[in-house]
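User: Could you walk me through this one with me? I'd like to start with how the protein copies are arranged and then move on to the DNA.

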Number of protein chains: 2
Amino acid sequence: MGKITIKDVAALAGVSVGTASMALNDSPKVSAETKKNVMAVVQKLGYRRDPYARSLSLSSSRSIGFLAPGFRNPFFGEVAEALQLAVEERNNSLMFGITNDSTEQEAKIVDQFLDRGVDGLIIIPAEDSEPDLSHIRNLLNHDFPLVFLTGYYPEIPFHAVMADLAEGSYELTKGMLLAGLRNIIMIAGNPALIPFRERIEGFRRALDECGAAFDESKVIISDGMSYEGGYAAIDKVYDEIKPDGIIAINDVMAMGVISRLRSKGIRVPEDVSVAGYDDISVSSIQETPLTTVEQPIALMCSEAVDMLFAIMEGRAAPEGVVRLPVSVRHRRSAKTG
Amino acid sequence: MGKITIKDVAALAGVSVGTASMALNDSPKVSAETKKNVMAVVQKLGYRRDPYARSLSLSSSRSIGFLAPGFRNPFFGEVAEALQLAVEERNNSLMFGITNDSTEQEAKIVDQFLDRGVDGLIIIPAEDSEPDLSHIRNLLNHDFPLVFLTGYYPEIPFHAVMADLAEGSYELTKGMLLAGLRNIIMIAGNPALIPFRERIEGFRRALDECGAAFDESKVIISDGMSYEGGYAAIDKVYDEIKPDGIIAINDVMAMGVISRLRSKGIRVPEDVSVAGYDDISVSSIQETPLTTVEQPIALMCSEAVDMLFAIMEGRAAPEGVVRLPVSVRHRRSAKTG
DNA sequence: AATCTTGATTGAAACGGTTCAAAAGGAGGA
DNA sequence: TCCTCCTTTTGAACCGTTTCAATCAAGATT
């Protein structure tokens, strides 16, 4: 028994292939009567349109690609879920690829996705210290629908959606200063990369504004953006600097920081205030609930998807970054004024 | 300027479309000379094969679908990464869908994936208390390539890969008993579901074997398999039972348990031993490193992918569960003999 | 010089839909 | 009865590949 095609349906329903197709697509050109018949046959035969043939005809696969650094950090997991939701609302599917923060890997996956015929791409930029962006340039040259999420590559014209990270660290720092902290440090990553640069900038602005001395030594560049990274950063600088406030670049890292401080017998927040970034779901229910900057994930994702579809449908907004407001979650891990 | 097709390539290279196609596919039937020419033209034109036409011809999209409950629990994130790796080795792509532990949602996504033309499916079964499995039955009736990962639906013939969970909790419990603990409880989920049932079974076996009384009251059925769930479970039963050992069904939950115990002033492991399941990456670097059962994620994933491809290529192993060995990671959160 | 191999190339038929100009049918008006 | 105007339906072209029987060209064999 061969595959059931639309021909079989048409034959059994006593109509032409064209009519059958239109019936399937609920076209207004075919009578209600005929539609019903065709549908009945479809039911009976268990017919299902061939997606490849359909895609070929329509030149769309109704699927979009999503590149993320990975899913060990629950923040990206939450983004994935939100994105999935937003995409599904439009009856599209998501393919995902893991870049491991390497633009080389990113390029490979983009290539693979193009070979699979995705209609558009949503990319969380890899935090690669020596990015090679030819693949992205290539996409943009071909007007391939693309939006960056959570950051962007500054060398490149783009559509991007991100949280207002600078504002977040500005407010957070301001709060700490108001609470009387005077030796605040930030544990960040490579400042050449937008998401870090922006966080650092807000931090600096707050310090400057309050007449507290900002200098490079207050920004610790950590290599791993992970729990382990937070752990290690404390080992590296705590004894030397003896800060009274620590802002980590993300929550997972902040947890590593707290964990390491505790095991050294340092109390949080009595001896040191610690804050994170992202408000991942476990942050609020830690033994010491974490003060953190919440990124509006759901909003960012639906905005990104909206934007992508706008591009795909040719009603593209002008290129640029949409920055969505963050909210500082004041909890127990940090003293804030 | 229209789309560049293989015709353009063929024309410019001065060969027929058939030859061009074969050259692209590196077929041995075309001469090295010709291949080189064709490739040169491809380069020059920036030609790229149309994936839809290709899929139609080959009736394969070289992509497979992956359904998971979600990615907030880093365990699933790690699975996703491992799976991605395994799939990529075979030059395939992964589409993913989030079931939120609802078989209804699962059915929807499966449907969507079929409409996208995935070649096969890897499913982490939804932990749904009233599963509706008609969609799965349907797939199997049509011999659609499918493997379950991390569990399976017992009502259904299947291919599945999972860790030997029973053995894991058996060993873990045995260790605790050896350390002299006598009032061990397990925080689990609905025992109708395989992954929970198996964990409970190992727990029970260990207790039975050591003459410790097993009874239903030692298995606390929690509703949320999350950090919050662990937190809540302690609130619910700790004061009443006063256990000296607690085995949580997964690490995230165990962390919730520890966190709640600590905030009640109960020491871990001095007053209560706590263990988890999965060995997600943060478990080892907690303030109190977590004793846990490691599931061999990478192995499970590559095994699942192997199995799926075997099915797709018709060299299917007989149906059944492949159970991979776990290892108990003895760390500080629990006394083990 | 005629025939046989062998390897490379061609051309057309799939693959399974969608779309749209043209044809058919039916109702209403003159 | 004949003509128009609509609504439905038809049938063929098209989407861009892959595949494979048939053809071709050029040496090798007799």
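User: What turn lays chain B on chain A, and with what RMSD?

Analyst: In this predicted model, a turn of 180 degrees with a shift of 0.0 Å along the axis lays chain B on chain A, and the RMSD is 0.1 Å. The two copies are thus related as by a two-fold rotation axis.

User: Which C-alpha of chain B is nearest the axis?

Analyst: That is the C-alpha of B:Met95, which lies 2.0 Å from the axis. The two copies also use the same surface, since 100% of the contact residues of chain B recur in chain A.

User: OK, how many residues does each chain put into the contact?

Analyst: Chain B gives 52 residues and chain A gives 52 residues, and between them the two chains bury about 4,700 Å², of which 53% is on carbon and sulfur atoms.

User: And how many salt bridges are there between chain B and chain A?

Analyst: The count is nine salt bridges, one of them joining the side chains of A:Glu78 and B:Arg72 at 4.0 Å from N to O. For polar contact, 28 residue pairs are found across the interface of chain B and chain A, with both residues at pLDDT 80 or more.

User: Which element gives the largest share of chain B's side?

Analyst: The elements that give two or more residues to the side of chain B that touches chain A include α5 (74–88), α6 (103–116) and α10 (227–241) of chain B, and the largest share, nine residues, comes from α6(B). By residue type, that side of chain B divides into 19 nonpolar, 18 polar and 15 charged residues.

User: Switching to the DNA, which residues come nearest to strand C?

Analyst: Of the 27 residues around DNA strand C, the nearest are A:Ser21, A:Tyr47, A:Arg54, B:Ser16 and B:Thr34. Of the atoms of DNA strand C that come within 4 Å of the protein, sugar and phosphate account for 69%.

User: What lies 2.4 Å from a phosphate oxygen there?

Analyst: That is a polar side-chain atom of A:Arg54; a polar side-chain atom of A:Asn25 lies 3.3 Å from a phosphate oxygen of DNA strand C, while for A:Ile6 a polar backbone atom is 2.7 Å from a phosphate oxygen of that strand.

User: Which element gives the most to the surface near strand C?

Analyst: α4(A) gives the most, with five residues, and the elements that give two or more residues are α2 (17–24) and α4 (51–58) of chain A together with α2 (17–24) and α4 of chain B. The residues of the surface near DNA strand C divide into 10 nonpolar, 11 polar and six charged.

Note on methods
Residues numbered from 1 in each chain as written. Chains lettered and ligands numbered in written order. Predicted model: local features only at pLDDT ≥ 70, side-chain atom pairs only at ≥ 80, totals over all residues. Heavy atoms only, no water. Contact = heavy atoms within 4.5 Å. Buried area = accessible area lost by both parts, 1.4 Å probe. Polar contact = N/O pair within 3.5 Å; in protein donor to acceptor, adjacent residues only side chain to side chain. Helix = DSSP H or I, 4+ residues; strand = E, 2+ residues; numbered from the N terminus. Nonpolar A, V, L, I, M, F, W, Y, C, P; charged D, E, K, R; others polar. Least-squares fit on C-alpha atoms with pLDDT ≥ 70 in both. Near = heavy atom within 4 Å.
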